[in-house]
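I keep these notes as I go through a structure that is new to me. Each entry records what I looked up and what I found.

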Amino acid sequence: MTDITPFLPADLDYQTLVDIDKQAIWHPYSSTLSAPDAYPVVSAEGVYFQLADGRKIIDGMSSWWCAMHGYNHPVLNAAMQAQIGKMSHVMFGGITHPPAVELSKLLIDITPEQLTKVFYSDSGSVAVEVAIKMALQYWNSQGKDDKHRLLTVRNGYHGDTFGAMATCDPVNGMHHLFSKVMPEHIFAEAPACAFDAEWDERYISDLANKLQQHQDEIAAVIIEPVVQGAGGMRFYSPHYLKRLRELCDEYDVLLILDEIATGFGRTGELFACQHAGIQPDIMAIGKALTGGNITLAATLCTDKVSDGICRGEAGVFMHGPTFMGNPLACATALASTRLLLSQDWQAKVKHIEAHLKEALAPLATLDHIDDVRVLGAIGVVEAKQPVDMAKIQAALVDEGIWLRPFGKLIYVMPTFMVINDEELETLTKAMVKVVSQPELFAG
Ligand SMILES: *Cc1c(COP(=O)(O)O)cnc(C)c1O
């Protein structure tokens with residue numbers, strides 16, 4: 001055996017990691033001039049992060065929707081190691097392999113039945129780019145080039161690349177910074193009908209009017225089903241989606257569902273569109289696809305879309321990432337999805353939903369809190385003022401938990417497949433304690 005130790009990262013202490021990080025690394029949506037210290041995590045196990053100074057904290061974020069099986073899961077580790085022993089990567093042009101074949105079959109089985117083709121990519125944003133490109137190329141192939149714009153709703157989030165960014169909320173996505181190079185799409189009011197609220201047609205009238213008015217130039221509607229994630233953590237009625245599907249059919253517009261955050265059980269259904277029982281023409285998935293172990297995303301579409309594109313001028317779909325269908329990622333996704341489906345995941349999510357509702361409810365009575373809402377394994381507390389990020393993050397870590405608030409939102413998304421009652425209680429108690437302190441908020 002070769003000694004592999006010299007190739008592992010050196011054992012740097014907590015402060016050295018923080019210092020070098022600060023000099024050399026740019027973190028998500030952060031300043032190089034004034035970022036608070038990053039927290040060095042050296043390992044993770046079950047629901048816990050191990051910090052470089054020995055502290056163990058409970059992850060309440062599932063690493064941004066991904067890690068529903070927690071960390072260092074033996075089944076997923078074994079699947080990854082087995083695949084590494086065969087091949088980590090091979091090109092996908094003209095080549096196929098068992099992990100991609102098996103995963104595609106499984107994804108087609110568990111997603112809405114009209115979806116019959118899987119196009120792989122390496123991140124959620126790219127899966128959204130691919131979805132948009134599919135919609136545009138579809139209409140091009142039908143000789144309807146005028147259908148080149150997208151209709152979406154405010155408060156959406158679909159990723160950070162240019163095509164995806166152009167469909168994010170224009171205000172919190174800061175469209176004005178890039179307005180000279182970004183396509184201008186059509187924005188309807190955000191769905192305002194709460195998840196359980198009684199349906200009223202006026203909730204979709206703005207979107208319906210815009211769809212009617214612009215039908216000849218709209219290629220597709222793109223939307224996050226039931227849960228608007230990074231654009232505001234808002235939940236809306238599945239009935240909205242039912243009406244949206246009908247309207248898309250009426251005006252001959254494709255429906256793209258972005259299930260990147262909601263897919264794989266988080267909301268209480270395997271895919272959030274199943275709350276509404278609707279079928280998209282195109283669907284993007286990512287995030288929890290591999291249980292958060294390695295990056296992989298996919299865009300699924302119907303035969304109508306795939307055949308429609310390929311009958312057109314180009315004859316092929318014009319996209320093909322280098323790491324498309326990466327075997328290691330596909331094998332991980334296959335193992336993660338099978339592990340999810342082999343257990344009563346829905347009961348776990350229901351159980352967590354009940355706990356979150358009860359544990360977070362008292363926060364709603366506080367003067368500095370605006371709203372508390374829970375759906376599936378997602379608990380959201382919306383404050384009246386933005387959080388003081390550095391202060392609240394430190395307070396949360398001091399209480400032994402990891403949450404990553406943004407703006408006025410403090411939210412929890414536990415590793416729902418593995419967290420036990422005691423850990424769940426520790427997590428929500430600490431969250432309630434920290435969020436109850438008005439001095440951790442601006443204003
Ligand atoms: C995270 C997210 C994306 C972008 O995925 P990345 O992997 O970060 O590129 C797109 N859409 C939704 C709904 C997301 O939550």
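The entries below go from the ground rules to the sheets, the core, the ligand and a few single residues.

**Ground rules.** I am working with a predicted model, in which local features need pLDDT of at least 70 and side-chain atom pairs count only at pLDDT 80 or more, while totals for chains, interfaces and linings use all residues. Residues are numbered from 1 along each chain as its sequence is written, and side-chain values use heavy atoms, with hydrogens and water left out.

**Entry 1, the sheet of four strands.** I began with an open sheet in the order β1-β2-β3-β15, whose pairing is mixed. Strands here are DSSP runs of E with at least two residues, helices are runs of H or I with at least four, and both are numbered from the N terminus; two strands pair if DSSP finds at least two bridges between them. As background, strands of a sheet pair through backbone hydrogen bonds, either parallel or antiparallel. At the edges I found β1 and β15 (401-402), each of which pairs on one side only.

I then followed the strands one by one. β1 (residues 41-45) pairs with β2 in the antiparallel sense over four bridges, and valine 41 stands opposite leucine 51 in β2. The two form a hairpin with two residues between them, and glycine 46 in that turn has a positive phi of about 60°. From β2, three bridges lead to β3 (residues 56-59), again antiparallel, with phenylalanine 49 opposite isoleucine 57. This hairpin has four residues between its strands, and glycine 54 in the turn has a positive phi of about 95°. β3 and β15 pair in the parallel sense over two bridges, and isoleucine 58 has isoleucine 401 in β15 as its bridge partner.

Which side chains of β2 are buried? Along this strand (residues 48-51) the side chains alternate, so I noted Phe49 and Leu51 as buried on one face, whereas Tyr48 and Gln50 point to the other and are not buried. Buried means under 20% relative accessible area, exposed means over 50%, and partly exposed lies in between (1.4 Å probe, protein chains only).

**Entry 2, the sheet of three strands.** I next looked up an open sheet in the order β13-β14-β16, with antiparallel pairing. β13 (369-375) and β16 (409-412) stand at the edges with a single partner strand each, so one side of each is left without a neighbour in the sheet. The twist averages 10° from one strand to the next. Between β13 and β14 (residues 378-383) I found six bridges in the antiparallel sense, and valine 372 stands opposite valine 381 in β14. Helix α11 (residues 345-360) packs on this sheet and touches β13, β14 and β16, its direction making about 165° with that of β13. Axes are lines fitted to C-alpha atoms, for helices over the stretch in contact, and angles run from 0 to 180 degrees between N-to-C directions; contact means heavy atoms within 4.5 Å.

**Entry 3, the core.** The largest nonpolar core has 132 residues, and Leu207 and Phe264 have the most contacts inside it. Helix α5 (residues 124-141) gives the most to this core, with 10 residues. Such a core is a set of buried Ala, Val, Leu, Ile, Met, Phe, Trp, Tyr and Cys residues joined through side-chain atoms within 4.5 Å.

I looked further at phenylalanine 264, which lies in the loop between β10 and β11 (282-285). Phenylalanine 264 counts as buried because its relative accessibility is 1%, and its phi is positive, about 70°, although it is not a glycine. Leaving aside neighbours within four places in sequence, its contacts include Met68, Leu107, Phe271 and Phe416.

**Entry 4, the ligand.** Which residues surround the ligand? Among them I listed Ser123, Tyr157, His158, Glu224, Asp258 and Lys287, each with a heavy atom within 4 Å. For polar contacts (pairs of N or O atoms within 3.5 Å), I noted a ligand oxygen 2.9 Å from a polar backbone atom of glycine 124. A polar side-chain atom of serine 125 lies 2.6 Å from a ligand oxygen, and for an N or O atom in the side chain of lysine 287 the distance to a ligand oxygen is 2.5 Å.

**Entry 5, two more residues.** Aspartate 252, in the loop between α8 (238-250) and β10 (254-258), has a positive phi of about 55° although it is not a glycine. Aspartate 252 counts as partly exposed because its relative accessibility is 35%. Glutamine 83 is in helix α3 (residues 74-86) and counts as buried, at 7% relative accessibility.

Terms used:
A polar contact is a pair of N or O atoms within 3.5 Å; within protein, one must be able to donate a hydrogen and the other to accept it, and residues adjacent in sequence count only if both atoms are side-chain atoms.
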